[in-house]
Every structure is written in structure tokens, then in C-alpha cells.
Amino acid sequence: MGPMGTARKGHPLARTGNVGRRPSGEVQAALDVDGRARELRQYIERFPQASVLVLGDLILDHYVWGRVTRISPEAPVPVVHVESEEYKLGGAANVFNNIHALGGQADICGVVGSDDAGRCLLRELGLKRKGRGGVIIDPERPTTRKTRVVAHNQQVVRFDVERRHELTALYQRRIIRYVESRLRHLSCLVVSDYAKGVVTGPLMAELTRLAAERGVPILVDPKVEHFSFYKGVTVVTPNHLEATQAAGVRGDDDQAIVEAGTVIRQRLGCQAVLVTRGEKGMSLFEGDGVQWHIPTRARQVYDVTGAGDTVVGTLALALATGANLRDSALLANQAAGLVVGMVGTATVTGKQLGASLEHG
Ligand SMILES: Nc1ncnc2c1ncn2[C@@H]1O[C@H](COP(=O)(O)OP(=O)(O)OP(=O)(O)O)[C@@H](O)[C@H]1O
Ligand SMILES: [Mg+2]
């Protein structure tokens, strides 16, 4: 059993210990979906029974599309003639979106401001102002919003509206109380940390304690400056840069990733570290010296933003349905590979994920 108490007997994570041990430092063994399509598809079929709460920084992604026809007479900047606008779920809200699209039962907990962007975010989440579940309204901060102005397929400018200060103790307590009220219905808790103020040290300490009591695994999509908060969580999913920075390791080659993954796992005392590596796929560290590499398949790549949200969302659903860490990582890698190859969507459905296993 892992060093922390979240994986109880009977919980899927309790069955992950029986992997073949490899001497540490050995080149990573490769894992692939080949030959595992049938098993993996059975987990996907069970996604609708899984209930995942996503807690973290809710972000509204705002896109403004238009044409540039001239340079402004006021300043040396292009004038964009706006043709359309679009709002999308970002940050923790996009993890929620991914779980929902995959067919899982998703719940969301975070903060919005008392503003239009907040109302828009609630609407996009499919929630009402009244009965908005775990979404708290803090009138002291604006809803975190990123606006991208795009002309002729090129980003002209991005502007962010946000206040990144930590939630007050009152709002932190409300978050904790919400999680507490939901825990016994949950198969997994995801913390999606974008360092916009929701995830704090005391909040994480309380969450890990509560989740451990209930045997609910916690998955964290981390921010480098918050790594010390994540002690005792079940899995962290940093990308390669976050992993090497958090571990204080130089470089980005296999050796550096192995060192970073090992250091992080030991330092946090978590069961596993899943390092996402962009076009190189991912590396899973799940025991002393037990490490697996999962390559991506060559495919057309359109848009890699949000792939990390797909990874943690899929991982949560797979673990919740009883898959072990390796199978869960395989599914997460498969889902992320599909998402980066799609134009204009940041999610995949369970059906698309299942079908992609068939065709390799
Ligand atoms: N160019 C690519 N080709 C194939 N798969 C990719 C590519 N980029 C990302 N992926 C898939 O997406 C996963 C997550 O990507 P990445 O490591 O870039 O995460 P990230 O930096 O957290 O992303 P983001 O923060 O933009 O959501 C990878 O592990 C891989 O499965
Ligand atoms: Mg990320």
C-alpha cells in the first residue's frame, strides 16, 4: 500500500501495488494500448457510474474573432473589426467539461465574481445562479477571464482580468463545507490549480485529511509554486516543465524526467506522479523505481491547449471505474492525443475514445 491513507482496501487504487518492479534508474518500460482495447473499453463503458468533483480555479476563455484592415491612427496597433465572439470553459471548468463530455458525472467547486463573466461561466457550466452547487460568488474579485483577440488565425493580443489573491478564510471554509457534503457520493476528487486563489496550503491540508477519511483519491493538476501544498495527495500530473522546475532538475531529457518524477513522488509521499510530455506522451512513476513511458501516436496536431485538462479528467474517471494507474494513464494519453488533433474542441466523448482504441 502507498505511504498515504487514501487508498483503502477495496478501492481500485488499492490494487495497483502488484506491478513488476524494476531497478531504479533503468530505462523506462514502454506501455501501449495495443492488445488492451477490450479492457480499456470496459472502463469507458463504466464512466457514467463515476462521480468526480473538480475543485479549483474557474476560468472563462473569451475569444474575439475578426479582421484587421488598417493600423490605428491613435497608436501603432492594428484595428480589429470584430466578426464574432465565443466563450469557452477554462481551467477547472474545462476539466469539468471534459469529464462531462466523456460521460461521467461531474461536479464543480470554485469561485466566480459577481459580474457578467461569472454569469456567463455559470451558464456555460449549465448552472443557475440559484442552485449553483459548489460555485461560490465572491463579490470582492472579478471572474477570472482571458480574452484572446484573433485575426486571420493569428492572436493579436490577449488580456486577462483576474485577482490572484488567496480566498479569505470565510470562502475557504465554504469550499471545505461543500466538499465535505459531497465526499461520500464521490469516486474521485480532482484539484485543478491555476494559482488564481482557490487552492491554498490550509485548504489542501484539510482536503487531504477529509478525502483520506473517506478513502477518496485526490488527483492534482499542479502549479509549480504550490507543490508544497500537495503532500499526501494520490496523484499529481505536472507537465515536463512543471515537473523539472518543482524538483529543481535541469534539462528535459529522459534522465531529467525520471529524476524529477522520482524526487516529486518521494517529496510529496504520493502514490504516483504522471508527467505529461507534450508530443513525447507521458511518464508514470508509481513505486520506487517503477516507471512507465507511454508514447503518443503520430497524428495531426491542431491545438494543444487544454490537453492537460483532458489528461486529469480522463485519469480521474478511469481510476473511479476501477482501472489501475497504468490503464488510467493509457486512457488519459489516448484522450489527450485525440483532443490535440481536433479543431475547435477541447473535449472527447466516451464513444470517440472507445472508437479510437479500435483503430489504433
Ligand atoms: N503535439 C502533441 N502530439 C500528440 N499528443 C500530444 C501533443 N501535445 C500534447 N499531447 C498529449 O496531451 C498530453 C498533455 O499535454 P502537455 O504535456 O502539453 O500538457 P500541459 O502542458 O499541461 O497542457 P496544457 O497546460 O496546455 O493543458 C500529453 O501527455 C499527450 O498525451
Ligand atoms: Mg497543464
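In this predicted model, His-62 has Thr-147, a residue of β7, as its bridge partner. This pair belongs to a longer pattern: strand β3, covering residues 58-71, and strand β7, covering residues 145-151, run in the parallel sense and are joined over seven bridges.

The two strands are part of a wider arrangement. An open sheet is formed by four strands, and their order is β4-β3-β7-β8, with mixed pairing. The edges of this sheet are occupied by β4 (78-91) and β8 (154-161); each has a single partner strand, so one side of each is left without a neighbour in the sheet. On average, neighbouring strands of the sheet are turned by 20° against each other when direction is ignored.

A helix accompanies these strands. Helix α3, made of residues 116-124, lies across β3, β4 and β7. With respect to β3, helix α3 runs at about 110°.

The loop that leads from β6 (134-137) to β7 contains Thr-143. Is this residue buried or exposed? Thr-143 has a relative accessible area of 2%. Because buried means a value under 20%, Thr-143 counts as buried. Its surroundings may be described residue by residue. Leaving aside residues up to four places away in sequence, Thr-143 touches Val-112, Gly-113, Asp-115, Ala-117, Gly-118, Leu-121 and Val-161. With one of these residues, Asp-115, there is also a polar contact: it links the side chain of Thr-143 to the side chain of Asp-115 at 2.5 Å.

Attention may now turn to the ligand. Which residues are the closest to ligand 1? They are Asn-239, Thr-276, Gly-278, Gly-308 and Asn-333, and 18 residues surround the ligand in total. Several distances to polar atoms can be given. In the side chain of Asn-239, an N or O atom is 2.9 Å from an oxygen atom of ligand 1. For Thr-276, the corresponding distance from a ligand oxygen to an N or O atom of the side chain is 2.8 Å. Arg-277 takes part through its backbone, where a polar atom is 3.5 Å from an oxygen atom of ligand 1.

Finally, the confidence of the prediction should be considered. The protein has a mean pLDDT of 91, and 91% of its residues reach 70 or more. Over residues 1-27, however, the pLDDT is below 50, although this stretch has 60 contacts in the model beyond near neighbours in sequence. Where pLDDT is low, predicted coordinates should not be read in detail.

Key. Residues are numbered from 1 along each chain as its sequence is written. Chains are lettered from A and ligands numbered from 1 in the order in which they are written. This is a predicted model: local features need pLDDT of at least 70, side-chain atom pairs count only at pLDDT 80 or more; totals for chains, interfaces and linings use all residues. Side-chain values use heavy atoms; hydrogens and water are left out. Two strands pair if DSSP finds at least two bridges between them. Helices (H or I, at least four residues) and strands (E, at least two) are DSSP runs, numbered from the N terminus. Axes are lines fitted to C-alpha atoms, for helices over the stretch in contact, and angles run from 0 to 180 degrees between N-to-C directions. Contact means heavy atoms within 4.5 Å. Buried means under 20% relative accessible area, exposed over 50%, partly exposed in between (1.4 Å probe, protein chains only). A polar contact is a pair of N or O atoms within 3.5 Å; within protein, one must be able to donate a hydrogen and the other to accept it, and residues adjacent in sequence count only if both atoms are side-chain atoms. pLDDT is the predictor's confidence in each residue, from 0 to 100. A residue is near a molecule or strand if one of its heavy atoms lies within 4 Å of it.
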